[in-house]
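Let's take a walk through a small chain together. Keep the picture open while you read, and try to find each residue as it comes up.

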Amino acid sequence: MAKKKKQTMAKMQCESCKEVNYFTHKTKNVEGKLSLKKHCSTCRKHTTHKEAKK
Ligand SMILES: [Zn+2]
């Protein structure tokens with residue numbers, strides 16, 4: 001089997017302060033925008049992190 005997995009890096013940006021705190025691998029079969037609850041060091045709490053455009 002051939003390895004043809006395309007991975008792209010997605011920036012996870014805090015919704016509150018717009019700070020990019022996390023990077024995640026995004027596989028091609030993921031549709032739509034990623035949204036994760038992560039701890040933001042700037043806000044010092046858990047906030048929703050959304051995938052940011054480059
Ligand atoms: Zn934040």
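Cys-14 stands opposite His-49, a residue of β4. The two strands behind this pair, β1 and β4, run antiparallel and share 4 bridges. Strands here are DSSP runs of E with at least two residues, helices are runs of H or I with at least four residues, and both are numbered from the N terminus. Two strands pair if DSSP finds at least two bridges between them.

Before going on, a word about what you are looking at. This is a predicted model, in which local features need pLDDT of at least 70, side-chain atom pairs count only at pLDDT 80 or more, and totals for chains, interfaces and linings use all residues. Residues are numbered from 1 along each chain as its sequence is written.

**The whole sheet**

How many helices and strands are there in the chain? There are 0 helices and 4 strands, and from the N terminus on the elements read β-β-β-β. In space, the 4 strands line up as an open sheet in the order β2-β1-β4-β3, with antiparallel pairing. At the edges sit β2 (20–27) and β3 (35–40), each of which pairs on one side only. On average, neighbouring strands of this sheet are turned by 40 degrees against each other, direction ignored; the axes are lines fitted to C-alpha atoms, and angles run from 0 to 180 degrees between N-to-C directions.

Here are three of the antiparallel strand pairs, each with an example of residues that face one another.

| Strand pair | Bridges | Example of partners |
|---|---|---|
| β1 and β2 | 7 bridges | Thr-8 and Lys-26 |
| β1 and β4 | 4 bridges | Cys-14 and His-49 |
| β3 and β4 | 6 bridges | Lys-38 and Thr-47 |

**A closer look at Lys-37**

Lys-37 belongs to strand β3, and its bridge partner in β4 is Thr-48. Along the sequence, Lys-37 and Thr-48 are 11 residues apart, yet their C-alpha atoms lie 4.5 Å apart in space. Setting aside neighbours within four places in sequence, Lys-37 is in contact with His-46 and Thr-48; a contact means that two C-beta atoms, placed from the backbone, lie within 7 Å.

Is Lys-37 buried or exposed? Lys-37 counts as exposed because it has 8 C-beta neighbours inside 10 Å. The cut-offs use C-beta atoms placed from the backbone: a residue is buried with 20 or more others within 10 Å, exposed with 12 or fewer, and partly exposed in between.

**Two turns to find**

The hairpin of β1 and β2 has 5 residues between the strands. Lys-18 lies in the loop there, between β1 (7–14) and β2. Although Lys-18 is not a glycine, its phi is positive, at about 65 degrees. Lys-18 is exposed, since 10 other C-beta atoms lie within 10 Å.

Now look at the hairpin of β3 and β4, with 4 residues between the strands. Arg-44 is placed in that loop and also has a positive phi, about 60 degrees, without being a glycine. Arg-44 counts as exposed because it has 8 C-beta neighbours inside 10 Å.

**The chain in numbers**

To finish, step back to the chain as a whole. Of its 54 residues, 13% are buried. Among contacts between residues at least 6 apart in sequence, 40% join residues at least 24 apart.
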